[in-house]
Amino acid sequence: KGSESCVYCGDAASGRGWGGASVAGFMITAASSGSGKTMITCGLLELFKRKGLNPLACKCGPDYIDGLFHKQVLELEGMNLDSYFEAPEELRDKYSRLSKGHLPVVEGVMGYFDGLGGSTTRASSWEVAHILDLPAVLVVDARGASVSLAAVIKGFLEFERPMGSQIKAVIFNRMSPMLYPRIRELVERETGIRAAGFVPELDFLKVGSRHLGLVLPEEIAGLREQMNRLGKCLEETIDWEFLEELGAEKEERDALEEENTEASCTAAFSFRLGIAMDEAFCFYYQDNLRLLERLGGELVYFSPIHDRSLPEQLDGLILGGGYPELYCEALSLNESMRESVKKAAEGGLPVLGECGGYLYLLEELEAEDGRIWPMTGVLKGKGYKKGKNSRFGYIGVEAEKDRLYLKPGEQIRGHEFHYWDCEVLEEEWVMRAKKPVGNRSWPCIRIKNQVMAGFPHLFYPSCPAFAVRFAKACVRYKRKRDEAEE
């Protein structure tokens, strides 16, 4: 855990990444963000679903929003694949276990080779493709270009990497149907790569964006119909049968051990864990929730906007990230819920608040329109709009002293990405966030009673002991509550 593994170690000489046998699936990647990866991935998922191929949606990196679009198409949870959060063998084991019996479609993050620090390929889509030995399909934005597209593709294929590019095909986005046959012939002749189709300009796709990326799927009118039409379009313009063959599993893999001993040591216990899930709070790593379930947690979903109070008999609470700043009025006017959260936190309920959830735990929050609204008041301070991205990228969170669920010498990995901030006294912060590349660091995380909150989105499996301690705190709270009721 926490080792600086990269694609230049392990079985690099064999050219097969880590571990040998290939697994099913393929990756949709691109030269940069905004090239159409998410919509093409969603269209393929819709198409494969209708063809009965049992697709599985995966997302490289720490992003939540793209996964919500995948969920709208498949109506089931996907998974994040992140080579900064997880060691290579852990990533392979998880992918092999969860993808069994599916045709996985993996959406890349940013540009294919873009990794940590903006100057390395670590934690890039390319690194994930090598770890999992996945073939990659490069999406090339063809708007305003023709012959130059071959040069772009050739550059990606020949970019000097000791283990090769993994790119096996290209898809052209926003390309004229009349131009495609000529460009396909040119590209296949000049580069030797397979052209697997194109996507024309589609006027019916109405997907906007905001400060954290795409708008949420629930905010897009007629999204389901848009995805249906997109799937039908790709059936005509994409060589989906070739992609099906490209993603076919090459070898049967042995059954893998489910979990490590430390992560399952409290599974004999049981506790009810409240999970905030609605328009304002919807950013969760599924790996975190699955780990807590394996530790004995019964996940109980509720809405801080629509429900009047916390679910009964909770032993712990997680307030995830999202867009509370867009729903300040609704959150604030639900006074009974705010009071319920504050009373539970003051009574010793174990609580984790991440980014948006942290803002909800403050005394006040500035809405996007500048109005100030009361929040729960569990922690002092006001969340305010900073006007720019305060922190961005991967971090490791460390504590110099025992800090509730994290011990000295341990590091839990995470990600920060937020346009809102909170001014607090320096001594309020009890941990430090450190960038994995360079020397930048800053104070983060606040603690009060059994509440631990801050802007980092934490990836619990990167430090299983953190999740175990939180689960045990929930069990202790349950026992005290049960004793008080006797």
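**View 1. Strand E7, a mostly covered strand in this predicted model.** Of the 6 residues in E7, 5 are buried. Its partner here is strand E6, residues 167-173, and the two run in the parallel sense, joined over 4 bridges. One bridge to pick out links Asn-173 to Val-199, the latter sitting in E7.

**View 2. The β-α-β unit that takes in E6, H6 and E7.** Here we add helix H6, residues 180-191, to the two strands. Together, E6, H6 and E7 make up a β-α-β unit, and that unit is right-handed. The strand pairing inside the unit is the parallel one, with its 4 bridges between E6 and E7.

**View 3. Helix H7 and its buried side.** H7 covers residues 223-237, so 15 residues in all, and goes 21 Å from first C-alpha to last, close to the 21 Å you'd expect at 1.5 Å a residue. Its buried residues are Leu-223, Gln-226, Met-227, Leu-230, Gly-231, Cys-233, Leu-234 and Thr-237. They end up on the same side of H7 because they take up an arc of only 165° around the axis. Flip to the face turned away from that buried side and you meet the exposed pair, Lys-232 and Glu-236.

**View 4. What the buried residues of H7 pack against.** Two helices show up as packing partners, H1 (37-50) and H2 (65-74). Strand E7 (194-199) is there too, packed against by the buried residues of H7. That's the strand from the opening view, with 5 of its 6 residues buried.

**View 5. The largest nonpolar core, around Leu-243, Tyr-460 and Phe-466.** This core has 124 residues, and those three have the most contacts inside it. Helix H13, residues 464-485, gives the largest share, 9 residues. A second, separate core has 37 residues, among them Met-27, Val-106, Leu-132 and Val-140.

**View 6. Tyr-460 and its contacts.** Setting aside neighbours within four places in sequence, Tyr-460 is in contact with Asn-288, Leu-291, Leu-292, Ile-318, Leu-352, Glu-354, Ile-412, Phe-466 and Ala-467. Phe-466 in that list is another of the residues with the most contacts inside the largest core.

**View 7. Gln-286, a buried residue of helix H9.** Gln-286 has its place in H9, which covers residues 286-294. Its relative accessibility is 13%, so Gln-286 counts as buried, the cut-off being under 20%. Not counting residues up to four places away in sequence, Gln-286 touches Glu-77 and Gly-78.

How values were computed:
Residues are numbered from 1 along each chain as its sequence is written. This is a predicted model: local features need pLDDT of at least 70, side-chain atom pairs count only at pLDDT 80 or more; totals for chains, interfaces and linings use all residues. Side-chain values use heavy atoms; hydrogens and water are left out. Buried means under 20% relative accessible area, exposed over 50%, partly exposed in between (1.4 Å probe, protein chains only). Contact means heavy atoms within 4.5 Å. The arc is that of the directions from the helix axis to the C-beta atoms. Two strands pair if DSSP finds at least two bridges between them. A crossover is right-handed if, with the strands pointing away from the viewer, the path from the first strand over the helix to the second runs clockwise. A nonpolar core is a set of buried Ala, Val, Leu, Ile, Met, Phe, Trp, Tyr and Cys residues joined through side-chain atoms within 4.5 Å.
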